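Student: Please take me on a close look at the salt bridges in this model, one pair at a time. After that, I'd like to walk through the rest of the neighbourhood with you.

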Amino acid sequence: MSERESEHHNSTHALTFPDLSGAVPTSAEARAKRRIAALEEELQMMQQEKGTKQRKTTYYVSQGRAIRRMVVLYTSLEDLIAENDRRYEEQLEENTTEQDRLQRGYITLAQVVPWLHPKLSELDIDDCEDMLKKLKRGADAARGDDTSTLKDLVAAWVNQDFRPSCLLKADDKHSRGFVHDTCGKLLCPSEWDWSDPRVKAGIRDRTSEYIVSENSWPLFLYENYTVDSNNLEEGLFKSKILVQAFKATFTSPSSAKEADGDGDGADILENNRRARRALNQAKVKTCVASIINMRKVTARSIAYVVCQVRFALSGVTSWRTIDGDFDYEMFWNNIVDFFEDVPGPVAQRRIFGRNHREDLTPDVVSKMSVTALAEQRKAIEDAAFDSD
């Protein structure tokens, strides 16, 4: 290489001194390439974060679908968590019935969603709130799906089994409730006779003598829709429509057709598992019970289905806590307490709007079937204890 060529080569690759800003000059093309690469990397990271966030949302929502069905229908998850924290901090031996119910709910929640308890300790408060919000979204969505399904199915079952003169329409709730003779009979408190014109008129007119509240067991809960006033526990929660609804909710709507009304509700899941084993070579859709890891019939799953059936028979068009003088939340509590604790009258009742709930004095409540059954159970236990 000649001296002139060498000088030209060196001048071409020589580093240009920076200007007053201190920046070393670069080509516009190189800068653009680097900016594009940086933006692409940033976009890729954002897409990954979005994908991760979306997967978390989907997971939380899907996990939440078991909560209303198996844990609590109305109580907030925050209340369950707060009760568990309170117990751990205070270490008290005496607790109220409400507190015991909340704690049993938290234990059930930890069993149904086993990763939740440790997760509550790992996440900060904002992430915790976001997680609980997504769980509740899934819980409410599942409840809404079941409500919609049973609205149609209950109408079909009533029409098929009772052959009412005025058939129920799947898409019409206004003709249900106490205005419909068959629905009225099924919703009627078990301590009254719906065939008595005075009872029927009193309930429909909502007189103070015939208050339909959560303190009574409706007739639709009893096997063959008959009740023995001297033994109110006989046949309770064994009705055909309840077994059908349980099967439709937790196994499949088609399995509800197999309900024969024998009230053998405890075998619902086992019978479904046997059927699935017999068809293990065929491709079958996974049932809800398997998806939410439900292994047995529980008090809270029964309470959930009972409330759903009661709503489906009623003339109320949208899901709510209060229906006239009837409080669904307290009704759910009564059912859970029946199985998990001895039921009894509730000391304080909430009043909503213009109704007769203020007439539900302790004396009136004591004559209703929920309390009457509690007293019968206590009498049987006392007699058994005395005989020993």
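**A close look at the salt bridges**

Tutor: Happy to, and let's begin with E340 and R300, whose side chains meet in a salt bridge with an N to O distance of 3.1 Å. E340 sits in helix α14 and R300 in helix α13 (residues 299–313), so this pair ties together parts of the chain that are 40 residues apart in sequence. The two partners differ in how much of their surface can be reached: E340 is partly exposed because its relative accessible area is 28%, whereas R300 is buried because its value is 3%. The cut-offs behind those words are under 20% for buried and over 50% for exposed, with partly exposed in between. The pair is also part of something wider: salt bridges with shared partners join E98, R101, R104, R300, D337 and E340 into one network. Please keep in mind that this is a predicted model.

A search of the whole structure finds 20 salt bridges, and another one in the network deserves your attention. D337 forms a salt bridge with R101, and their closest N and O atoms are 2.7 Å apart. D337 belongs to helix α14 (residues 328–340) and R101 to helix α5 (residues 97–112), so the contact ties together parts that lie 236 residues apart in sequence. D337 and R101 are both buried.

Next comes a pair that lies in loops. R206 forms a salt bridge with D325, with 3.4 Å between the closest N and O atoms. This pair, too, links distant parts of the chain: R206 is in the loop between α9 (197–205) and α10 (240–250), D325 is in the loop between β1 (322–323) and β2 (326–327), and 119 residues separate them. R206 counts as partly exposed because its relative accessibility is 36%, while D325 is buried because its relative accessible area is 5%.

R206 has a backbone feature that you may want to check on your own plot: its phi is positive, about 55°, although R206 is not a glycine. N224 is another non-glycine residue with a positive phi, near 60°, and N224 also has its place in the loop between α9 and α10. N224 is exposed because its relative accessible area is 57%.

S216 is in the loop between α9 and α10 as well. With a relative accessible area of 2%, S216 is buried. Computed along the chain, S216 and P189 are 27 residues apart, yet their C-alpha atoms are 5.4 Å apart in space. You can set this beside L168, which lies in the loop between α7 and α8 (181–187) and counts as buried because its relative accessibility is 6%. L168 and A155 are 13 residues apart in sequence, with a C-alpha to C-alpha distance of 5.4 Å.

Now for charges on the surface. D124, D126, D127 and E129 gather there in a patch of negative charge. Within this group, D127 has its place in helix α7 (residues 125–162), and D127 counts as partly exposed because its relative accessibility is 40%.

Let me finish with the cysteines. The structure holds zero disulfides. C166 shows the reasoning nicely: the cysteine sulfur closest to its own is that of C183, 9.4 Å away, so the two are too far apart for a bond. The cut-off to compare with is a pair of sulfur atoms within 2.5 Å. As for accessibility, C166 is partly exposed because its value is 46%, whereas C287 is buried because its relative accessible area is 5%.

To return to your starting point, you could display the network of E98, R101, R104, R300, D337 and E340, then add the R206 and D325 pair, with its 3.4 Å between the closest N and O atoms.

Technical notes:
Residues numbered from 1 in each chain as written. Predicted model: local features only at pLDDT ≥ 70, side-chain atom pairs only at ≥ 80, totals over all residues. Heavy atoms only, no water. Patch = residues over 30% accessible without salt bridge, like charges linked within 9 Å, V, L, I, M, F, W, Y side chains within 5 Å. Areas by Shrake-Rupley, 256 points an atom, 1.4 Å probe, with all protein chains shown as cover. Salt bridge = Lys/Arg side-chain N within 4 Å of Asp/Glu carboxyl O. Lys, Arg positive; Asp, Glu negative; His and termini not counted. Charge placed at Lys NZ, Arg CZ, Asp CG, Glu CD. Helix = DSSP H or I, 4+ residues; strand = E, 2+ residues; numbered from the N terminus. Buried < 20%, exposed > 50% of the residue type's maximum accessible area, 1.4 Å probe, protein only.
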